[in-house]
Each structure stands twice: as structure tokens, then as C-alpha cells.
Amino acid sequence: MPASAFDSAIYSALFGDAELARLFSDSAEVRAMMLVEGTLAKAQGALGLIPEVSAQAIHRAGLELQIDPAGLAAATGQNAVVVPALVAAFREAMQAPEHAQHIHHGATSQDIMETGLILRLRQVLAIHAARLATAIGALGRLAQTHAGLPMAARTYGQAATVTSFGAVAASWGQPLMRHLDRLGPVRDDLLVVSLSGAAGTLSAMGPKGPEVRARLAEGLGLGDPGGSWHSERDRLTALAAWMTGLAASLGKMGEDLLLLTQSGIAEVRLGAGGGSSTMPQKSNPVQPSVLVALARHLNALNAGVQGAGLHRQQRDGAAWLSEWLALPQMCIGLGRALTIAAELAGGLTPDADRMAAGIDDGTGLIYAEALSFALAAHMPRPEAQAAVKELCRSAREHGTPLAELAARRWPGRDLSRGFSPAAQLGVAPDEARRFARRAAALKPSGAGPDPA
């Protein structure tokens, strides 16, 4: 097993996500930091902090030059941060010392690295939002199609009352809608530049420092935080919490599908399953299992990111390094989970006959609650509950259907309606269809529902 399954040649198709992994490659990090350095120089040149001609040369070089990430490894191993090696390589590659001397004027490593990270996280969240909208749409169609299909609702693993498969699909999708709503504020708060200088004061840039930061933000299409956030980690801890919560909601869907597809229940068929090395009959629920595993993994990684929120003084190297180890895996893992969820929702097939069998095994015990409420119209409810509980014991002991026992006990009352699955669905079909309408109203970008 490799150190990271996300970029393993063997396991990448199971856990990995090539589109998101590209954003966390060494070359992507270097390109993002060079863009930041070039844009910073352009802002400083416009304000007279460095010569305008040098600023233009640095900006152009930041877009055009290629720097080998491997050449930065030795110095990074010593310094912990890549920027000193990057700046040295950038200056050498420019072959124009009169201009290159002005690279990285007044900034610190954390400014460049974190602004570069934010540029990449902007793309990550756009991908997450689009995939989340796709998963919601697929679940909405599933909920609409099966809004009235009865199945057993289970609590503590036991058949409780009747619900619909559409309502179950809606219960998977409704949290996803809320996560999508929460993404906007998390994203808006996160997408800001970092430019604070050595210890958060911007002192090396003098009184023009805040204006440089504003111009840097404008040049990169990010927000201006209005101050330093080197040791204020709430933006990143909020992102990690959002990703973890979403992964947990996707994992809940996976847990349910593991139970609904298990032998002996088999109320749902997956679009595709995994094979066994020795048992030809097996079609293993691989995708639901991956959803659960990824949810647990993100939860573990999130603990590291939240712990790094205790960021000592003006910069804490240990806490900062902890974030680097966790955030990329969280972003990639969530992306994979979203893809799997959409694929699962689009390929699920409920088995109506198996669901009917799960509702009533011949004893009709799932209708006990409905029977107690029907009887409560004619007697005190505690008395009705006690009587029905007694009939349930008899049904279990003798195998006689609850409906038959009730008819014998109260021959003058027509209680048959309470023993129909359709009569016990309650608001389940309405909830399924309401979610389906909301899902259908999502904009293709996943930015939220249409105003109408």
C-alpha cells in the first residue's frame, strides 16, 4: 500500500480524482506561486515601490518561465517553506538581475504560498459545487420517480413503519442542498489574498502596503481581507469542516446502501458492483463502501486541521505544516465521493417486490402503530397500545397475521384500511416530490436555485 492512495497507480481509480489531483501537483503549486509573485510585482510597480520596468518584466516572466519543482526540494527540506528556493530559481531563470532583484519585495513565504493555495482552492470549490449539483439532481430524479414506492422504514435496524423509497432518496439529498447553501459563505470568506509581510505588519512596504494588497487582490480576482490572517486559521478550518460535513452526508447514503443491498434484504440493486477473487456469485457494493471509507478518512483529517487552528503567536510552523498534510487529501477525497454519489444515484434500481416483502413478512407487525392509533379513537390510547402489544406477542408466537387477530378481537370495527402500505405513507411522497422540485430548480453551475 503506498503512502497515499489518492495518487497511487494501483488505487487511484478507487480513491483518486485526476482533475483535482492536478491542482495539488508540484507544478500547479509552483505555477500558482509564480503568478502571485508576478502580480505582486505589477501592483508594486504601479505604486512606485519598485521600478515599473522591472515590475513588467517580473510579471511577464511569472507567466512564461518554467521552473522544475524537483530543483526546489533540497532547500525546502532545510527551510520547510519552498519560497526561498523558488525566488532564487525565479531570479536565476530571468537572466536579468537588474529586474529580478525586485522579486518578492516586502512579502513573506506565507503570503506567497497561501495566496497560491487560495487560487487553487477557488478551482477546487468550483469543481465541488458542480459535482454536488449533479449529485443533487440525480437524487432529485430518483426521489420523483419513486415518491410513492412503499418500503419499510427501519429504526435500530428493525422494521418500524412504512415510508417510500423516494423519501429515502430525498433524505440523502436534502442535506446536500444545505451543504450547497453553506458553500457560498465559506467560499466568500476563504477567497482572499494573504499579504502581510514578515510578521503581519506590512512594514517593509510602508504606508502603501494596504494599497498593494488591494491591487494584488484585484489582479488575482480575489478579495482583500483588510489585514493579516497569518495566524487566523478560521477560514481554512471552516473549509475543512464544510468538506467533512458533506463527506459525512455522502457517507450516510453509503451506509444505507450497504444495508439495503445486503443479502437477505436486497431491496436495491446498484448499477455496478465489484467482483470477488474466489466467489463467482458476489457483486460487492464497492462504491457505497468507498463513500463510507472516505467520510471516515475526512473526519480523521479534519481533526488535524481543526487542531492546527491553535496557531501560536504570529506564525506557527508546526500548525501550518499540519494543514499541508491534510487539506489536499480532503479536497481530493471529497471530489471522489461526490462523483461516486452521483454515479450511484443515477444507477440505483429499487426492487418493489423485495420492498413489499420487507414491509410485511406475513405477520403485519409493521402496522402495529397504525392499529393502536385507529383503536385510540374508541378507547384511551394507553389501553389501545397495551391491547395491540398483546396482539403483537401473539402474532410472533403463533404466526397469525396481526390483521386477523385484530378482526377477531374487535369484530364490529373495520380496521382493514390501516393494514395497507399506501395508507401508511404519510407525508413521505410529498417530501420526496418537494425535494425533487428543489433539485430540479438548481442552476447548472450549482450556485443555488433559480430565483423563480
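In this predicted model, a good place to begin is F165, which counts as buried because its relative accessibility is 0%, and the cut-off for that word is a relative accessible area under 20%. W172 falls under the heading of buried as well, since its relative accessibility is 2%.

These two residues can also be looked at as partners. By the rule that ring centres must lie within 6.5 Å, the count of aromatic pairs comes to 3, and one of them joins F165 and W172, whose centres are 6.3 Å apart and whose planes meet at 85°, an edge-to-face arrangement. Another pair is made by W320 and W324, where the centres are 5.0 Å apart and the planes stand at 70°, so this pair is edge-to-face too, given that an angle over 60 degrees earns that description.

Where do W320 and W324 sit along the chain? Both belong to helix α13, which covers residues 317–347, and because they are 4 residues apart in this helix, about one helical turn separates them. Their surroundings can be described one at a time: W320 has a relative accessibility of 5% and therefore counts as buried, whereas W324, at 31%, counts as partly exposed, a term for values between the limits of 20% and 50%.

A last stop takes the reader to helix α15, made of residues 368–375, in which S372 is found. With a relative accessible area of 5%, S372 is buried. Which residues does S372 touch, once those up to four places away in sequence are not counted? The contacts of S372 are then A384, Q385 and V388.

Methods:
Residues are numbered from 1 along each chain as its sequence is written. This is a predicted model: local features need pLDDT of at least 70, side-chain atom pairs count only at pLDDT 80 or more; totals for chains, interfaces and linings use all residues. Side-chain values use heavy atoms; hydrogens and water are left out. Rings of Phe, Tyr and Trp (its six-membered ring) pair if their centres lie within 6.5 Å; planes under 30 degrees apart count as stacked, over 60 as edge-to-face and the rest as tilted. Buried means under 20% relative accessible area, exposed over 50%, partly exposed in between (1.4 Å probe, protein chains only). Helices (H or I, at least four residues) and strands (E, at least two) are DSSP runs, numbered from the N terminus. Contact means heavy atoms within 4.5 Å.
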